[in-house]
Amino acid sequence: MAYRFLSSRIVPPSNRLSRRFIFIFTISLSFMYLCYSILFCSGTIMPNQRLEEHHCVRLKNMGSKKLLQKSHYCTISAKARVISDETRAVGLLNLTGNQSKHSAFQKTTQDVLDHKQSNNTNSPKYGNKKLPNALIVGVKKGGTRAVLEFIRIHPDVRALGTEPHFFDRNYDKGLDWYRGLMPRTLDSQITMEKTPSYFVTREAPRRISNMSRETKLIVVVRNPVTRAISDYTQTLSKKPDIPSFEELAFKNRSQGMVDTSWNAIRIGMYILHLENWLQYFRLSQIHFVSGERLITDPAGELGRVQDFLGLKRIITDKHFYFNRTKGFPCLKKPESSSQPRCLGKSKGRTHVQIDQEVIEQLREFYRPFNVKFYEMVGHDFRWD
Ligand SMILES: Nc1ncnc2c1ncn2[C@@H]1O[C@H](COP(=O)(O)OS(=O)(=O)O)[C@@H](OP(=O)(O)O)[C@H]1O
């Protein structure tokens, strides 16, 4: 009362009115701000994520064609995460002195880098993780990385960049573990991985057919003599103290007795391994890529791979250029980048010089195996 008395005494009525107006105005302003915060603040906590999900949901509901054209939009913000995850993986590989013991994927740093450079968008947030429908099962040093990197530029293919070695070394981890490694795919897309050692793993065909009898298999084959030298060159680059190629390749060189227990030799006896696969799969489920033609005519080989996988022929001559420095065909525009890209340094090494006579002896050794292989697959690869 005293305050009202005093204010009515001291403050003139016109001033009291304007004070009341200011007071009401301030209250309504605060109230409006409060409402605004409640309504919109939750949307600003992670605006990018919400935006991304919104677009992905919209794309999901569109036809697969449009969806694929736009798929980069959905995945673009996931890119940074993928890069940082893979950088961590590279760091881990570098740190773990013994890769073969510590790395889940048993891959070299170079391979992880290859994958990192080539496939930053391979972890889209839409679709589901599915077991692979198609596998590149071999052969080691045949050109398996090139086939995987080339086929994955197809919008209907999603591939795991690293080699999971599930059907040989990690089978006890179970199919759920394996599925968990796969990139997310749409129903219209094919899931793929490559592990070249499957081709020579006795249990692999049975295990793969247990996963699905309809799995499509790709085998990249190469002249077994050149393949053995390539294999040896790779091992030598890691272990410079190993015996010479000749010492390892023969039990008795003067008698021409080849050591078939040496892996580099054994892998090239393609017909023996193929017979094992044919106990579980029809020949029509296996597609053979020529490692030689993959270099001279990558588009032609990839055309046949696309046909085999039931894909539209999208990868053509336009996607490749021949890089003279590298000496190999390279991609003009890989899946994730607008920059041309060749495979890494571990692909296309200069081979160890081998005596021509040794090469002839090995050619002789492989001839009967090659002939049987040509007959079985119905194609002459002209290695002899
Ligand atoms: N485009 C292109 N760029 C580079 N290299 C190419 C390409 N196409 C096929 N090749 C041949 O691939 C050979 C390596 O084969 P893989 O990828 O199967 O090797 S691995 O088993 O994964 O280690 C590799 O063998 P080497 O030349 O003996 O190193 C290449 O000859």
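**Close-up 1. Helix α8 packs with helix α16, residues 298-308, in this predicted model.** The axes of α8 and α16 come within 11 Å and cross at roughly 70°. The two helices, α8 and α16, are therefore roughly perpendicular to each other. From α8, the residues V147, F150 and I151 take part. They meet P298, L302 and V305 of α16. By class, the contact of α8 with α16 has six nonpolar residues, no polar ones and no charged ones.

**Close-up 2. The shell around the ligand holds 17 residues.** Of these, T144, R145, A146, S230 and F328 come nearest to the ligand. Three elements give two or more residues each: α8 (144-151), α15 (291-296) and β11 (328-331). Helix α8 supplies the largest share, three residues. By class, the shell divides into seven nonpolar, five polar and five charged residues.

**Close-up 3. A "binding site" feature comes from the UniProt record, an unreviewed entry.** UniProt places this feature at K141, G142, G143, T144 and R145, among others. The record also lists R222 and S230. K347, G348, R349, T350 and H351 carry the feature as well. T144, R145 and S230 are named in the record; in the model they are among the residues that come nearest to the ligand.

**Close-up 4. Two arginines of the UniProt feature, R145 and R349, are shown in their surroundings.** R145 lies in helix α8. R145 has 23 C-beta neighbours inside 10 Å, so this residue counts as buried. The cut-off for buried is 20 or more. R349 sits in the loop between β11 and α17. R349 has 13 C-beta neighbours inside 10 Å and therefore counts as partly exposed. Leaving aside residues up to four places away in sequence, R349 touches T233, Q234 and S237.

**Close-up 5. Helix α11, residues 224-238, packs with helix α17, residues 356-377.** Their axes lie 9 Å apart, at an angle of about 125°. That angle makes α11 oblique to α17. On the α11 side, P224, V225 and A228 form the contact. On the α17 side, the partners are I359, L362, R363 and Y366. The contact of α11 with α17 has six nonpolar residues, no polar ones and one charged residue.

Technical notes: Residues numbered from 1 in each chain as written. Predicted model: local features only at pLDDT ≥ 70, side-chain atom pairs only at ≥ 80, totals over all residues. Axes fitted to C-alpha atoms, helices over the stretch in contact; angles between N-to-C directions. Helix = DSSP H or I, 4+ residues; strand = E, 2+ residues; numbered from the N terminus. Parallel < 35°, antiparallel > 145°, perpendicular 65-115°, else oblique. Contact = placed C-beta atoms within 7 Å. Nonpolar A, V, L, I, M, F, W, Y, C, P; charged D, E, K, R; others polar. Near = placed C-beta within 6 Å. UniProt positions renumbered as here; feature names shortened; annotations may be inferred. Buried ≥ 20, exposed ≤ 12 C-beta atoms within 10 Å, placed from the backbone.
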